[in-house]
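Hi everyone, thanks for coming. I'd like to walk you through a structure that may be new to you, so settle in and have a look at the screen.

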Amino acid sequence: MGDPFFVFMRLDRLIGHLAQLGRSTVRTHLATGHVSVNGTPESNGLREIGSFETVTLEGRTLQSRTPRYVLLHKPAGIVSATTDLEHRTVIDLIDEPWAPDLHLAGRLDRATTGLVILTNDGTFSTALTEPGAHVPKTYLVTTDKPVSPEALAAFRAGMPFAKERTITQPAIAHAITPTITRLTIYEGKHHQVKRMFSRFEIKVIALHRESIGRYTLENLPPGEYRIFDAREEKQTPAG
Ligand code: URA
């Protein structure tokens, strides 16, 4: 299992950690040309190594990881977690040998359907999820009663969330029908959409995420996934 938050680590520390060696042994290996980075001998133990660079010690691979990016259409009933004792998880839907290396760039509630992004690239997932990035997430929200113009206006203005001591970013909110709203929010607080509607005593009866930044489901059927290469893309994940 990869560590999603390891982005760069000093070469000497990385070798010590992965090969379980003491500092002086690591120094000797570096000085005697036993260490290679991406196929080239490296003696500088201070070099910062990215989590997708290949490191070998005496020809033995210590680190070799390929960045992976997956768009998944999560069906209802599947848990947005990497492990769960009771329910199937999003990882269970990804039929790839490297699936256990993935982590989620933003969760959905178990009953919520739609777009989930998984990756083993901590830089990418942080860019999508860090609160300051304000990456837009668009949901189709089906409610038990009509959504009033006052509720839509409050969503657009931003709403106080006392628990987090904050005000939500102004959302984009459009009524598709009286009980179906398309809502774009710019953060991902716990149960955010349901909490926004519940302020107006409106219950969300179906919630579906259509997009995260410029990533969309297109016509991916529920339960299916698509592998993509985020490194080929020039823009930021927010689009
Ligand atoms: N807001 C919610 O309330 N639930 C989700 O799954 C996503 C956003």
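Let's start right at the ligand: a polar side-chain atom of Asp109 lies 2.7 Å from one of the ligand's nitrogen atoms. Please keep in mind that this is a predicted model.

Two further contacts are worth finding on your screen. Thr112 places a polar side-chain atom 2.9 Å from an oxygen atom of the ligand. With Val193 it is the backbone that takes part: a backbone N or O atom of Val193 lies 3.1 Å from a nitrogen atom of the ligand. How much of the ligand does the protein bury? Taken alone, the ligand exposes 240 Å², and 95% of that is buried by the protein.

Now let's widen the view. The ligand sits in the largest pocket. Around the ligand you'll find Leu108, Asp109, Thr112, Tyr139, His191, Gln192, Val193, Lys194 and Leu207. Sorted by class, this shell has four nonpolar residues, three polar ones and two charged ones.

Which helix gives the most to the shell? That's helix 5, residues 192–198, with three residues.

Finally, let's step back to the whole chain. The protein chain is divided into domain 1 (8–63), domain 2 (67–133 + 214–239) and domain 3 (136–212). Which domains each supply at least three residues to the shell around the ligand? Those are domain 2 and domain 3. As for domain 1, its C-alpha centre and that of domain 3 lie 49 Å apart.

That's my tour, thanks for listening!

Note on methods
Residues are numbered from 1 along each chain as its sequence is written. This is a predicted model: local features need pLDDT of at least 70, side-chain atom pairs count only at pLDDT 80 or more; totals for chains, interfaces and linings use all residues. Side-chain values use heavy atoms; hydrogens and water are left out. A residue is near a molecule or strand if one of its heavy atoms lies within 4 Å of it. A polar contact is a pair of N or O atoms within 3.5 Å; within protein, one must be able to donate a hydrogen and the other to accept it, and residues adjacent in sequence count only if both atoms are side-chain atoms. Accessible areas come from the Shrake-Rupley method with a 1.4 Å probe; for residues, only the protein chains shown count as cover. On a 1 Å grid over the protein atoms alone, a cavity is a set of points where a 1.4 Å probe fits but cannot get out, and a pocket is an open set with protein on both sides within 12 Å along at least five of seven lines; lining residues have an atom within 4 Å of a point. A molecule sits in a cavity or pocket if more than half of its atoms lie within 2 Å of its grid points. Helices (H or I, at least four residues) and strands (E, at least two) are DSSP runs, numbered from the N terminus. Ala, Val, Leu, Ile, Met, Phe, Trp, Tyr, Cys and Pro count as nonpolar, Asp, Glu, Lys and Arg as charged, and the others, Gly among them, as polar. Domain bounds come from an automatic or database domain assignment.
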